[in-house]
Amino acid sequence: MTLRRALALGWLLSCLAGSVSLGASSVPARGASSSVPVLAYYYIWFDVKSWDRAKTDFPILGRYSSDDQEIMREHVRMAQQAGIDGFIVSWKSTEKLNRRLEQLIEVANAEDFKLAIIYQGLDFYRKPLPVTRIKADVAYFVERYADNQAFTLFGAPLMIWSGTWEFSADDVASVAAPYADRLLLLASEKNVAGYQRLAAFVDGNAYYWSSVNPETFPGYQEKLDAMAEAIHADGGYWIAPAAPGFDAREIGGTRTVERQDGATLRRQMEAAIRSSPDAVGLISWNEFSENSHIEPSVDHGTRYLEVLAEIRDAQAGPGSVLRLSDVDSSAPGSTAFEPYNLAILGMLVALVVASMAVIVRRNRHNDQEIRKSDLVS
C-alpha cells in the first residue's frame, strides 16, 4: 500500500470512528450552511501528469485526473460536509473542459450542490483572449449549461470574468449586453476604481486575492469594506475572498503566506464576512500549484476542512446545525448501539468500501495512462 493510499484509508477510518462514537465533532451535517454562501474555487484542468509539475503537496485521494467523475463526487460530498455551498469552476470552452464541466454539473445536480463559473479571460501567458472568442464561449455556456439546477444559487447563473482589468469597458459591455436577463456577469477587479470603470455593464465583482497576508497588508479590512460598499451601492453582487495560505514559489513566485494551522483561514474568513458579502469566494479547493488548497492532502490531512467546518458552525449559530454529536447525548459513557447508530455505521462502512474502490480503480487507470504515455514517448 502506498503512503497516500494509507493516508486516505486512515482519514476515512478516522471519520468513521469519530462519527460513530458520537463524540464532540465539529463537522456540520451535509448541506448545512450559514446565511452567507461559501463557494470554493475549483479547477478541472488536472491530468495524470499534471501532478509532476510545480507541486509540493498532493491530494489524499491520489494524483487524479479531472476526467474522473467519482473524484468529483467525493469532492462535492467532502465540501458539503465542511459547509461549502458550491464550487466556482474555472472554465473556458474547450473540448476537454466542456466534457469535465458536464460531468461536474451532473454530479452537482444529483447532490443538490451549487456551481458558478470563473471564466478564464486570459491565456497561459496572462494575455487577454480575443473578445470574439469570449463572446462565443459565453454564448455556448448560456445555451448549453445555464438552465441546469446547479446554477440557481442566485436565480440566474453567475459567471466571474477573470482578467477584466485587461479589457476595455466597451469590450465588457459587448459581451455582457446580450445576456443581461439570463446571466449574472461579475468583474474581477482589484480595487474600487477598477470596479467603477465597469460598473454600468456588470452585475458585481469578485476579488480573487489569494496572496494577501492580512497581518502585514495595511488597511486589509478597510479595502474589502470599501469594495463592498461601492458594489452594493450599485445593487451589485460582492464576492469577498478568503484563503488558508499561499506559496507559489514552484511557479516562479516569491511571496508566501503561512497557514498558521488554520489561523490565516480564520482571519480571512472573518474579514470577508465583515465586509457583508453576497458570498465568500474560498481560494481554493484544489489550486495545488499556489498551495491555497483546502482539499484533504498528504501534508495537511483534513485540517482545513475541519477549520472551515468549525467556522461555518459558529456562523450558523447555536442549534441551527445538526451534527452526529447532537444525537442522543443524554447518556454519557454509554456504549450501546441504538438502531440509528447501526444505520450510521452501515452507511459509513459502505462509504469507506466505495471510496477505497474508487482509489484502487483510479490508481490502476493512472498507471495504465502513464504506461501508455511512456510507450508513446
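Colleague: What makes S3 and S4 a pair in this predicted model?

Modeller: Strand S3 (residues 114-120) and S4 share 4 bridges and run in the parallel sense. Pairing takes at least two bridges, so 4 bridges make them a pair. Within S4, Met159 has Ile117 standing opposite.

Colleague: And how do you know that S4 pairs with S5?

Modeller: Same kind of check: 3 bridges join S4 to strand S5 (residues 184-186). The cut-off is at least two, so they count as paired, and they run parallel. Met159 turns up again here, with Leu185 as its bridge partner in S5.

Colleague: Which helices go with these strands in the β-α-β units?

Modeller: Helix H4 (residues 131-144) joins S3 and S4 in a right-handed unit. Helix H5 (residues 169-176) does so with S4 and S5, and that unit is right-handed too.

Colleague: Why is S4 called mostly covered?

Modeller: Buried means under 20% relative accessible area, and 5 of the 5 residues in S4 (residues 158-162) are buried, so the strand is called mostly covered. Both faces are involved: Leu158, Ile160 and Ser162 lie on one side, Met159 and Trp161 on the other.

Colleague: Now H8. What span is expected for it, and what does it reach?

Modeller: Helix H8 (residues 263-274) has 12 residues; 16 Å is expected at 1.5 Å a residue, and the helix reaches 17 Å from first C-alpha to last, close to that. Its buried residues are Thr264, Leu265, Gln268, Met269, Ala271 and Ala272. They cover an arc of only 160° around the axis, so they sit on the same side of H8.

Colleague: What comes just after H8?

Modeller: Ser276, with a positive phi of about 55°.

Key:
Residues numbered from 1 in each chain as written. Predicted model: local features only at pLDDT ≥ 70, side-chain atom pairs only at ≥ 80, totals over all residues. Heavy atoms only, no water. Expected span 1.5 Å × (residues − 1). Buried < 20%, exposed > 50% of the residue type's maximum accessible area, 1.4 Å probe, protein only. Arc of directions from axis to C-beta. Right-handed = clockwise from strand over helix to strand, strands pointing away.
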